[in-house]
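Got your viewer open? Here's a short walk through the model, one selection at a time.

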Amino acid sequence: MTDFDTKNAFGFETRAIHAGAAPDAATGARNTPIHHSTSYVFDDVDHAASLFNLQTFGFIYSRLTNPTVAVLEERIANLEGGRAACAAGSGHAAQFLAFFTLLEPGDHFVASRNLYGGSITQFGVSFKKLGWHCDFADPLNPETFRAALKENSKAIFIESVSNPSSVIGDIEAIADIARDSGIPLIVDNTMATPYLFNPIDHGADIVIHSTTKYLNGHGNSMGGIIVESGKFDWAQNDKFPSMTAPDDAYHGLTFYETFGDFGFTMRIRAVALRDFGPALSPTNAFMTLTGIETLPLRMNRHVANAETVAAWLEDHPAVAWVSYAGLRSSNSYKSKNKYFSKGCGSVFTFGLKGGYDAGTRLVEGCTLLSHLANVGDTRSLILHPASTTHRQLTEDQQIAADAGPDVVRISVGIETVEDIIADLDQALRGLRD
Ligand SMILES: *Cc1c(COP(=O)(O)O)cnc(C)c1O
């Protein structure tokens, strides 16, 4: 443990570069080495036995733990002010591992209706096959979460700032509802990153990231991570047998009793990651660690560019509306000012007066902005959801998912802002022809 492992000992920029990392003990390498080894030699038979019994911490096999991935886990846990973290091969894998650890077949949870489209499908369709049921509530009306809770509800899940429509609910009010029910609040903090917002400071018990987006930041590596606050009392009720009941696979060990404030992370790693296997590759961990070193610089620039582009679009005659929490016109502006003093990211949606045709022609007319399905890259990205990610849905379903025919999603990059605007301007002008 280095001094960097205390959240308050150093500033965010310092921790983004140093937390979890130290010069390599064997070689002195200053940067974190990429440990491309599947497995690790045991000292002797007793050492091996104690590793397998979870009595000693160390490396066995890279599906469970890897030294490069471990640096990333420590760094993000530190930046979020959490107790511990477990990385996964993608954001969706991280969500699966967290819910597998929380839910039994037949259980239920309540999620925000304003989520990344892939999460709506994962929760609403694929999880059903495992007997896990999800109802959706409105983050701008926290009491809808309380109303949707059932006897067998085991979690509330929201995005701190939603992808793609930049909706910010009253996070503390939603955290209070979870606390009243004795269940954890899970916050997907992907669109904010720990630089702009720390959900744990506002009542979240578990934070999830798709590191694929701003944390990596360069559009080159998939990844996901689950961070636990260490503050949730898993024994306050009998809702979480994964945490409080003896585990046969580990000689009757009880994860919460044995590991306490990092028991959830241990259970995810030692059972869910072990048995389902979506481990993060060490190269992706290295790429993401490198990205995080410049996270504060990039996020400041993403926010400044997005605020300029959003205001410019709002004044454009071809644009009907802009949904960005940083604009006064947004129904999330109050929560943005309460929770996001450094800005609310650079992903948002806007509507074209020309509808579906205008949307497809705009994305084809852009030359600097890339037409693709990702967000949180250094490059500016643009997408027309109704003709791509949401094309299987009916028009009513598209509208319900904030992906109606007129909607365009943009992820504002860190290029020269005048160049981003010039490209949008020429593409929007092309709509008149
Ligand atoms: C991309 C994304 C995910 C899914 O992450 P993957 O790394 O693509 O699996 C989940 N939540 C949000 C908010 C996202 O933007």
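Start by selecting the shell around the ligand: its residues divide into three nonpolar, ten polar and three charged. The classes go like this: Ala, Val, Leu, Ile, Met, Phe, Trp, Tyr, Cys and Pro are nonpolar, Asp, Glu, Lys and Arg are charged, and the others, Gly among them, are polar. Before you click further, note that this is a predicted model, where local features need pLDDT of at least 70 and side-chain atom pairs count only at pLDDT 80 or more, while totals for chains, interfaces and linings use all residues. Residues are numbered from 1 along each chain as its sequence is written, and side-chain values use heavy atoms, with hydrogens and water left out.

**Stop 1: the ligand**

Which residues should you label here? Of the 16 around the ligand, the ones that come nearest are Gly91, Asp188, Ser210, Thr212 and Lys213; a residue is near if one of its heavy atoms lies within 4 Å. Now colour by secondary structure, with helices (H or I, at least four residues) and strands (E, at least two) taken as DSSP runs numbered from the N terminus. Helix H4 (residues 91-102) gives the most to this shell, with three residues.

Next, draw some distances. An oxygen atom of the ligand is 2.7 Å from an N or O atom in the side chain of Lys213. For the side chain of Ser210, the distance from an N or O atom to a ligand oxygen is 2.8 Å. At His92, pick the backbone instead: an N or O atom there lies 2.9 Å from an oxygen atom of the ligand. Switch on the surface, and you'll find that the protein covers 94% of the 390 Å² of accessible area that the ligand has on its own (Shrake-Rupley method, 1.4 Å probe; for residues, only the protein chains shown count as cover).

**Stop 2: helix H2**

Select residues 45-52, which make up helix H2. Ala48, Ser50 and Leu51 are buried here, where buried means under 20% relative accessible area, exposed over 50%, and partly exposed in between (1.4 Å probe, protein chains only). Look down the axis: the buried residues of H2 fall within an arc of 170°, so they line one face. That arc is taken over the directions from the helix axis to the C-beta atoms. Spin to the face turned away from the buried side, and you meet the exposed Val45 and Asp46.

Then check the ends. Asp44 caps the N-terminal end of H2, with a side-chain oxygen 3.1 Å from the backbone nitrogen of Asp46. After H2 comes Leu54, whose phi is positive, near 60°.

**Stop 3: Ser62**

Move on to the loop between H2 and helix H3 (67-80), and select Ser62. Is Ser62 buried or exposed? Its relative accessible area is 18%, so Ser62 counts as buried. Its side chain makes a polar contact of 2.6 Å with the side chain of Tyr40 (a pair of N or O atoms within 3.5 Å; within protein, one must be able to donate a hydrogen and the other to accept it, and residues adjacent in sequence count only if both atoms are side-chain atoms). A polar atom of the Ser62 side chain also lies 2.7 Å from the backbone oxygen of Ser37.

**Stop 4: Ser229**

Finish in the loop between strand S7 (224-228) and helix H9 (241-244), where Ser229 sits. Ser229 counts as buried because its relative accessibility is 8%. Its side chain reaches the backbone nitrogen of Lys231 at 3.0 Å.
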